[in-house]
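Visitor: I have a structure to look through and some questions about it. Could you take me through them one at a time?

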Amino acid sequence: MDFMPAALCGTLRPSPLAATMATCYQPTMQQKTRIAPSILSANFAALGEEIRAVSAAGADYIHIDVMDGHFVPNLTIGPAVVAALRAHSELPFDVHLMISPVDPYIPEFAAAGADIITVHAEAGAHLHRTIQLIKDQGVRTGLAINPGTSVSAVTPLLDDLDLVLVMSVNPGFGGQSFIAGQLQKIRELRALIDATGRSIDLQVDGGVNAENAAEIIAAGADVLVAGSATFKGGADQYAANIKALRTTKP
Ligand code: DX5
Ligand code: ZN
């Protein structure tokens, strides 16, 4: 059977014979699985050491959860801590901002050493402006959606994004259980990203572990955030924990 790139489907007028032989396909832009340990589950009294340990253990990104006690019911860290950690790893700092308002803090997090800044679709009324502000800092743009938010919140901004984050728990705390209903959203976003032809990271955050990682990857994710599943068992276990999450690419 012949295959026709999806971009051409519906634009050609094949002969009746060709029409029976040709099938449209959409090449996937899904990339090799990458693991982003969330330092929310690290030992906060030794964060620099913890970051060095997961970097040596094979992590791909360092996921830094920033919470404000307003957008989410927890408080974590600010730009000064991100700046202090910067010297401890050469991996990209993937900064997940669960704060509102968010715009006033974006330049500070970029200056502190963020490589990716992810904001929540639910965190402000002027999301397009927020994404442009991240781009203006010369860092990668990420957009997160909560479990109760539809993919339609992402669609109008997809062309400006480098990363889409599907929250698979309600944000605020580590150690919660994966909400299986989010798998369908991951599939829908995989298809939307594939249709762009760009390799936008599709990241999943919350309740990811070695037992459900394969299913999440099969749904289309290519970056797995994992806090408790990475940091369990102490530093001697980090390499094995990360390896267990990095199941074979579908
Ligand atoms: C939750 C955070 C997550 C969290 C993940 O609001 O965004 O990054 O730390 O923790 P686990 O992997 O333990 O669910
Ligand atoms: Zn996070």
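Visitor: How many helices and strands does the secondary structure of the protein chain come to?

Guide: Keep in mind that this is a predicted model. Counted along the protein chain, its secondary structure comes to 9 helices and 10 strands.

Visitor: What percentage of the 250 residues of the protein chain count as buried?

Guide: A residue counts as buried when its relative accessible area is under 20%. Applied to the 250 residues of the protein chain, that cut-off gives a buried share of 48%.

Visitor: Is Q203 buried or exposed?

Guide: Q203 sits in strand β9, which covers residues 201-205. Leaving aside residues up to four places away in sequence, Q203 touches A36, Y61, H63, D94, L163, V164, L165, V166, V223 and V225. Its relative accessibility is 0%, and therefore Q203 counts as buried.

Visitor: Which residues coordinate the zinc ion (ligand 2)?

Guide: The donor residues follow the sequence spacing H-x1-D-x30-H-x108-D. Their distances to the zinc ion (ligand 2) are 2.0 to 2.3 Å. The coordinating residues, with their atoms, are H63 (NE2), D65 (OD), H96 (ND1) and D205 (OD).

Visitor: How many residues apart are H63 and D205, which the zinc site links?

Guide: H63 lies in strand β4 (residues 62-67) and D205 in strand β9, so the pair links distant parts of the chain. Both H63 and D205 are buried. Along the sequence they are 142 residues apart.

Visitor: What arrangement do the 6 donor atoms around the zinc ion (ligand 2) make?

Guide: For six octahedral donors, the ideal angles at a metal are 90 or 180 degrees. Around the zinc ion (ligand 2), the 6 donor atoms subtend angles of 68 to 170°. Because of these angles the arrangement is octahedral.

Visitor: Which residues come nearest to ligand 1?

Guide: There are 20 residues around ligand 1. One of the nearest, D205, has a polar side-chain atom 2.7 Å from an oxygen atom of ligand 1. Another, G227, has a backbone N or O atom 2.7 Å from an oxygen atom of ligand 1. The residues that come nearest are D65, G172, D205, G227 and S228.

Visitor: What percentage of the accessible area of ligand 1 does the protein cover?

Guide: S38 also places a polar side-chain atom 2.9 Å from an oxygen atom of ligand 1. On its own, ligand 1 has 380 Å² of accessible area. The share of that area covered by the protein is 100%.

Definitions and conventions: Residues are numbered from 1 along each chain as its sequence is written. Chains are lettered from A and ligands numbered from 1 in the order in which they are written. This is a predicted model: local features need pLDDT of at least 70, side-chain atom pairs count only at pLDDT 80 or more; totals for chains, interfaces and linings use all residues. Side-chain values use heavy atoms; hydrogens and water are left out. Helices (H or I, at least four residues) and strands (E, at least two) are DSSP runs, numbered from the N terminus. Buried means under 20% relative accessible area, exposed over 50%, partly exposed in between (1.4 Å probe, protein chains only). Contact means heavy atoms within 4.5 Å. Donors are N, O and S atoms within 2.8 Å of the metal (3.2 Å for Na, K and Ca); water is not among the atoms, so sites may look incomplete. Four donors count as tetrahedral if all angles lie between 85 and 135 degrees; four count as square planar and six as octahedral if opposite donors are over 155 degrees apart and all others between 65 and 115; anything else is irregular. A residue is near a molecule or strand if one of its heavy atoms lies within 4 Å of it. A polar contact is a pair of N or O atoms within 3.5 Å; within protein, one must be able to donate a hydrogen and the other to accept it, and residues adjacent in sequence count only if both atoms are side-chain atoms. Accessible areas come from the Shrake-Rupley method with a 1.4 Å probe; for residues, only the protein chains shown count as cover.
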